[in-house]
Amino acid sequence: MSTTTKAPQGAVRPFGWQDKMGYALGDMGCGFTFQLISTYMQLFYVQYIGLDNGHYWWIIIVSKLFDAINDIIIGNLVDTKRIGKKSKYMPWIIIGGLIMTVLTVAVFAPVKEFSETGKILWCLISYCLWSIAYTMVNVPYGSLHSVITDKPNERQALSTFRSIGAALPAVIIMMVLPDIVYTDKLDASGKPVIDPSTGKAEQILLGDKLLPVAIIFSVIAFFILFATTKLVKERVHRNENDSSMGAKAIFASLKTFFTNRAMVGLTIATLACVALFNSTMSLNNLVFQYFFNDVSKVKLALVVSYAPLIIVMPIIGKLTAKFGKKNLLVFTMLVSSIGGIAGLVLSYILIPKGMLNMGIYIAILLLLNVGNAIFQVSVWALVADCIALSYQKTGRSEEGSLYAIYSFFRKFAQGIGQAVVSIGLMLIGFEEGENAVQPEGIGDGIVKLYIIVLLAASVIAFLSMKFIYNIGKKEEEEMAALARAEAEAMAATSDEVIA
């Protein structure tokens, strides 16, 4: 049976701000490429390249099914193959980061003149290859959470700082890029095309601007990831004598994952939040493009959407210590569900009367994002708890494999979200292409579609965390006590050996 050991006294510095900052930078580095692709890849291929929505949604689903194999294999490799002497995880992050830099640029290559088949193949292949590179970075990075520290309060701190790191690229992309990649749509005489319902100029995506943006962001991402490898220290070391490669080890990890009820409940909630919250930012862009006819104002909605996240970050440790992560998430997801229902009813009442203004819309987003904000701040501590629970039950060191399986579901959720958006847009009659003429009332349909999607996410996450996830406040305290007792026993054993 594997055992948990700690590095010898004095071998590494105590847990501190460098670990928090370094771990935040890791998700920031991943986020610059992930958020760019999550927010703009669909818009780039559908609005600029001219790929049909009917093709795009199945391309995403196929690529995510490919990820099922890719993630689990790389997770097993991270667990079993050391490619560096000093660290189990850092070399994977550096190598994967270099490859990801190149492939992020490839995703936004100007293939507008390709045939329909050529566009489909380029989109599918470049995205699948990018997914492999992203996994090579994200799986070892995510696995670090379990080995930087075994103290619950320090794990929550890492989760909070990771959320900060993840939020910054999203804020930059949503605040800065709209002014760069959108412009007024012009008619044949060079004059702005005015939407008669709003009196404002219609806007179009400047897809050719996304290639230089991808180059800049991917290079920045690599150097940020490199900084992570220098700042973060691994303190908890688990014997790897039980680790093995091959189908048997992979199936053993899958069994561990799916027999962990807490992990299953967290994964279902993650599917809802990532698929229907995080992966539908493009819908929010379309709301401002076609309903409000002012994409520059999308940054206001972004600020308000992140407001609950900013408010809760300084006090999340105290809230989870008092109520427990599960109870806090259940309550806030219920608040979001109620807010979403109210928002949906208001949209159907106000839109026909022309009374759904930007202020009311942003207020609806604020309520809908309360639960998601708590989830984003706490999710990585929840993952670490689930992995620790599996280790306590099985005695096997499977951090990389378990995180990889969870990571696959996160990325698959992103694909589901993009597919939902594509299918939803087809159902309401959205037309693809750079100069497409949209049917009357398309903006109304996009607003309602977006609210419905976010409401569904809140309800699913609430039900899963309430009735499936089973690590409550009492269980958290018991796990922490067991971890402390094990660490003390290992320290005593080490002292005896030294004596």
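For a chain of 499 residues, a compact globule would be expected to have a radius of gyration near 23 Å, and the value for the protein is 23 Å, which agrees; this radius is taken over C-alpha atoms, and the globule rule is 2.2 Å times the number of residues to the power 0.38. The model is predicted, so that local features need pLDDT of at least 70 and side-chain atom pairs count only at pLDDT 80 or more, whereas totals for chains, interfaces and linings use all residues. Residues are numbered from 1 along each chain as its sequence is written, and side-chain values use heavy atoms, with hydrogens and water left out.

The protein contains 16 helices and 4 strands, defined as DSSP runs (H or I, at least four residues, for helices; E, at least two, for strands) numbered from the N terminus. Of the 499 residues, 58% count as buried, that is, under 20% relative accessible area, with exposed meaning over 50% and partly exposed in between (1.4 Å probe, protein chains only).

The count of salt bridges comes to 5, each being a side-chain nitrogen of Lys or Arg within 4 Å of a carboxyl oxygen of Asp or Glu. One of them joins D385 to K325, with the closest N and O atoms 3.0 Å apart; this pair links distant parts of the chain, D385 lying in helix α13 (residues 358-394) and K325 in helix α12 (residues 325-350), 60 residues apart. K325 also forms a salt bridge with E476, at 3.7 Å between the closest N and O atoms, and E476 lies in helix α16 (residues 473-498), 151 residues from K325. Through shared partners, K325, D385 and E476 are joined into one network.
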